[in-house]
Amino acid sequence: MLSQMALRERLERLNAIGIALSGETDTARLTESILLAAKHLVRADAGTLYRIRDGALHFEIVLTDSLGLAMGGSSGRDISLPPVPLRGADGAPNLHNVIACAVNQGGTIVIDDAYTALGYDFSGTRRFDAANGYRSTSFLCVPMRNHEGELIGALQLINALDDDGAVRAFDDDDRKLVESLASQAAIALTNRQLIASLEELFESFIGLINLAIDDKSPYTSGHCQRVPELTMMLAEAASRTRTGPLAEFGMSDKDRYELKIAGLLHDCGKVTTPVHVVDKATKLQTIFDRIALIETRYEVLRRDIEIARLRGEIGDAEATARLAAQADDLAFLRAVNLGGEAMHDADVERVWRIASAAWQGPRGLAPLLSDDEVENLTVRRGTLTAAERQIINHHIEVTIQMLEALPWPKHLRNVPEYAGGHHERMDGRGYPRGLTREQMSVQARVMGIADVFEALTARDRPYKPGMKLSQSLGILARMARDQHVDVDLFEVFVRERVWAEYATQFLPAEQIDAVDVEALVAIARGHG
């Protein structure tokens with residue numbers, strides 16, 4: 001038996017261990033800490049921690065100090081041992097294996113000498129001993145029961161050692177200490193599992209929001225998945241940087257999780273964006289592409305010309321010339337409607353000239369193009385009018401409103417700022433808040449680059465094909481030069497080849513071409 005002083009010291013160690021276990025957030029490290037603490041408390045040479053899954057005890061970590069044996073945990077060695085079934089093939093409780101028996105009976109089992117103990121099958125232990133030159137003697141098997149009385153695993157300690165290093169039997173003090181530790185450990189593991197399950201549920205809700213956004217529009221279905229991936233790639237590259245303006249930037253595991261959540265939620269406001277704006281593949285598209293209405297008017301004009309020719313009101317040459325001119329105008333409008341190329345002043349003037357013509361509609365003469373059609377067809381770049389672009393831009397305001405309305409815990413309190421800043425510019429001319437570089441976190445600036453680069457290379461947009469790497473990076477370099485995105489992060493992006501890592505995972509071979517890193521940096525720094 002232990003002296004009062006020795007027992008007090010062990011109790012103090014037990015309390016310290018309990019405090020340490022309650023602060024551990026990684027399940028793998030937690031299980032290893034539990035076993036190491038148990039071995040240390042009773043000076044056991046070997047030990048195993050099991051977890052209950054699917055009706056069996058699964059090995060989580062195995063340690064034997066005198067053999068230098070370590071499997072599971074931080075050892076890097078996988079455990080190849082099969083799980084211990086809690087019931088036999090006939091459904092009866094497994095009472096032959098000592099650890100399974102302890103769990104099935106819900107009580108501690110102490111074995112002074114496995115080679116002389118009766119009632120248990122130690123054949124596997126004997127084979128292990130023979131193969132490794134070991135002698136498994138004393139056993140202490142303790143079920144792990146959480147605060148709800150649920151059995152979640154077990155601790156098995158082997159070969160308690162005395163002060164001289166000789167194997168001894170586990171005594172009653174050992175049993176009580178390990179039982180107390182097992183109880184604390186079970187609660188810590190259950191709490192960790194509860195937190196993990198809540199995090200999983202939380203992320204599933206985020207996935208549900210993104211699924212709703214993706215379901216609205218097949219054209220942006222991959223954006224909500226790719227931007228978070230690229231964000232984390234660039235953030236990790238920035239945290240590895242040891243020189244320059246980003247040398248002090250680093251991330252803990254909590255920081256990484258916070259940024260990951262922000263990335264997943266960065267476009268949650270798009271759930272309110274009208275589908276016909278998100279999916280606007282052509283300038284005249286609403287619920288359908290209104291170029292069809294214009295084609296119908298031209299068909300009416302064509303028939304009017306044919307009728308006039310048949311009636312002798314115009315000659316064949318004039319009819320042919322008119323038909324050719326109308327066919328050319330319609331081909332022009334079809335091309336302009338696609339929004340693939342930037343419109344020149346002459347193109348805009350031609351749209352207005354065509355609009356000034358008239359056609360005979362069911363209610364009399366009417367302009368060939370309505371004011372709304374002219375407004376859409378004269379969009380200089382892309383397919384969106386100023387009003388529609390404002391609708392698209394409004395999604396970031398909704399994102400911020402949605403995220404700021406949530407009661408974020410301390411370790412996620414920066415999510416609204418990270419997610420809400422990816423449309424800001426370094427010169428303060430972005431939206432929605434007009435923040436400057438100095439007013440933004442590194443994480444928000446990282447997300448801004450990720451959002452732009454994903455959009456440039458994306459192949460699933462209705463208004464453009466996916467650009468090649470060199471073209472996308474060239475545009476991004478000019479945006480860095482013009483203070484649209486952070487130039488320091490852009491340099492990390494290209495020098496650390498984050499673009500290449502992303503391309504390997506997400507881009508087809510035809511989009512991957514040669515990239516001149518030094519030329520890109522020169523452009524971004526205003527030297528090229």
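How many bridges join strand 1 to strand 7, and do the two strands run parallel or antiparallel? In this predicted model, strand 1 and strand 7, the latter spanning residues 151-161, are joined by seven bridges and run antiparallel. Within this pairing, the residue of strand 7 that stands opposite Ala 44 is Ala 160.

Strand 1 is also joined to strand 2, which comprises residues 56-64, by eight bridges, and these two strands likewise run antiparallel. Here Leu 49 has Ile 61 of strand 2 as its bridge partner. Strand 1 and strand 2 form a hairpin with two residues between the strands, and in this hairpin Asp 54 adopts a positive phi near 55°. As for the surroundings of strand 1, which covers residues 44-53, eight of its 10 residues are buried, and the strand is therefore largely enclosed by the rest of the structure.

A residue of helix 2 was examined in the same model. Glu 32 lies in this helix, which extends over residues 27-42. The relative accessibility of Glu 32 is 15%, and because buried means under 20%, Glu 32 counts as buried. When neighbours within four places in sequence are left aside, the residues in contact with Glu 32 are Ile 61, Gly 73 and Ser 74. With Ser 74, Glu 32 also shares a polar contact of 2.8 Å, which joins the side chains of the two residues. Ile 61, for its part, is the residue of strand 2 already described as the bridge partner of Leu 49, and Ile 61 is thus found both in that strand pairing and among the contacts of Glu 32.

Note on methods: Residues numbered from 1 in each chain as written. Predicted model: local features only at pLDDT ≥ 70, side-chain atom pairs only at ≥ 80, totals over all residues. Heavy atoms only, no water. Buried < 20%, exposed > 50% of the residue type's maximum accessible area, 1.4 Å probe, protein only. Helix = DSSP H or I, 4+ residues; strand = E, 2+ residues; numbered from the N terminus. Pairing = 2+ DSSP bridges. Polar contact = N/O pair within 3.5 Å; in protein donor to acceptor, adjacent residues only side chain to side chain. Contact = heavy atoms within 4.5 Å.
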